[in-house]
Amino acid sequence: MDFLRARTWAEALELKAERPEATPIQGGTDVMVEINLDKGRPAALLDLNPVGELTGWSREGEWIRVGAGVTYARLIDELGEVLPGLAQASRTVGSPQIRNRGTLAGNLGAASPAGDGHPPLLASGGIVEAESVRGTRLIPVAEFYTGVKRNALAPDELIRAVRVPAAAGPQYFSKIGTRNAMVIAVCSFAIALDGSDRPEARRVGTGIGSAAPTPLRAVAAEAFLAGELDWAGGSALDEEVARRFGELVAAAAAPIDDVRGRAAYRSHALAVMARRTLGWAWHDYLRAGRGAR
Amino acid sequence: MRVNVTVNGRRMAADDVWEGESLLYVLRERLGLPGAKNACEQGECGSCTVYLDGTPVCACLVAAGQAEGREVVTVEGLVCGDDPAGEGGLHEVQRAFVAAGAVQCGFCTPGLVVQAHALVERTAGRVPEDAEIREALAGNLCRCTGYEKIIEAVRLAAAQRTTATPSP
């Protein structure tokens, strides 16, 4: 095994072009587990820790650009207001020690269907900024996951940043696990309401985790709910609408029975989480005075 | 490969390090610092918790090469005073663990002490709520089920911190 150390982003891209088989390592919270438990042995590790360009985030208009080296701990501390769904999901990742090292970009690189970062990224319509010596590609998160632990990155590409729209309404994340920490999701769900003043821009975003070969959106549930919510009038949530939304979310998933839970349980839990998170989000929407105008 | 790292204030070098090796292995097997414990090797148990550039991390999940040129503090590095080998040299968090009887088999203790140390440092000047202590220690498993005494130890250390002058 070789250990390649990139000191700058340009150097990282050159090293990845020369050695496309190298596994990038940032927080190490996935990569080192594979090596320690002898589940896989990369031909080379490409250490991105020294690459200073990756460790910052910036606001660019309505978008937040989160550098690939920004840890979950920093996402929680620094971006909780502007990316609340992502911050909530970040709080459920592993333990404090894991959140001090792990990154959202690492979650995307590993592309586990159970990764906690995926549902809120799907719900808010994030974009992966992939870069190589050939140039930059912007890949919508919904198109990024291509299979179990597989993603759309080319062999010479690295994740430079993740672009996420600043929240335009309430966002929530919910996750099922055996305890409140150190848990790989049995299943998870994220919702984002975009209560724009322009009726045509109002939308509902969703993300489902750990209930299909890849994280995915519940597209039919989004369209149904966006059409049913009383965005301008601000009336209370219709329980029948919430129930139907939960059903449609569960129907979008394709869960399996595995060590963490049964498929039937996952479907049931998804419907419950969808209904509950919608209730919380709509409550916030009304409280913020978003309806009634 | 060779890895140069500052551990507990001393510049050290480890040779013949395998590229896939963890910082934990380097500390324990190459640098003679067995304080951080090796248990799960997947970041689940926290018994290998050390400071990396001032941040508590699982040493088993840091590739050895990632520690190059950086500063590591292990549980051994928390001792202070003139008598580091005796109880008088223990850090107040360590003394609180002794006083509260927060140790059974002791295997999880070094990781818990480092993580508790980080919490007490961060909340200096106040005693954290139990929920905050539990959250901070959520990544440290004790299989002797000694959590009550451990939380008591953290409260004790934090309380001493709020009344005593800060230690270096």
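In what pattern do the helices and strands of chain B follow one another along the sequence? Keep that in mind while you set up your viewer, and remember that you are looking at a predicted model.

**Stop 1: chain B as a whole**

Select chain B and colour it by secondary structure. Going along the sequence, you should meet β-β-α-β-β-β-α-α-α-α. That comes to 5 helices and 5 strands.

Now zoom out and look at the overall extent. The C-alpha atoms of chain B fill a box of roughly 45 × 35 × 25 Å along the principal axes. Does that fit a compact globule, or does it not? The radius of gyration helps here: a compact globule with 168 residues would have a value near 15 Å, and chain B has 16 Å, so the two agree.

Next, think about the inside. Of the 168 residues in chain B, 47% count as buried. Contacts also reach across the sequence: taking those with a separation of 6 or more, 62% are between residues 24 or more positions apart.

**Stop 2: the two domains of chain B**

Select residues 3-75 of chain B and give them one colour, then 79-163 and give them another. These are domain 1 and domain 2 of chain B. Their C-alpha centres lie 21 Å apart.

Turn the view until you can see where they touch. Here 14 residues of domain 1 of chain B are in contact with 11 residues of domain 2 of chain B. Which element gives the most to the domain 1 side? Pick residues 49-52 of chain B: this is strand β3, and it supplies 3 residues. By class, that side of domain 1 of chain B has 8 nonpolar, 4 polar and 2 charged residues.

**Stop 3: a sheet in chain A**

Switch to chain A and show β11, β12 and β13. These 3 strands form an open sheet in the order β11-β12-β13, with antiparallel pairing. A bit of background: strands of a sheet pair through backbone hydrogen bonds.

Which strands are at the edges? Select 171-176 and 203-209 of chain A: they are β11 and β13, and each pairs on one side only. From one strand to the next, the twist averages 10 degrees.

Zoom in on β12 of chain A, residues 187-194, which pairs with β13(A) over 7 bridges. For a single bridge, click A:Asp194 and look for its partner in β13(A), A:Arg203.

**Last stop: a helix over the sheet**

Finally, select residues 84-91 of chain A. This is helix α4, lying across β11 and β12 of chain A. Compare its direction with that of β11(A): the helix runs at about 25 degrees to the strand.

How values were computed:
Residues numbered from 1 in each chain as written. Chains lettered and ligands numbered in written order. Predicted model: local features only at pLDDT ≥ 70, side-chain atom pairs only at ≥ 80, totals over all residues. Helix = DSSP H or I, 4+ residues; strand = E, 2+ residues; numbered from the N terminus. Rg over C-alpha atoms; globule rule 2.2 N^0.38 Å. Buried ≥ 20, exposed ≤ 12 C-beta atoms within 10 Å, placed from the backbone. Contact = placed C-beta atoms within 7 Å. Domains from an automatic or database assignment. Nonpolar A, V, L, I, M, F, W, Y, C, P; charged D, E, K, R; others polar. Pairing = 2+ DSSP bridges. Axes fitted to C-alpha atoms, helices over the stretch in contact; angles between N-to-C directions.
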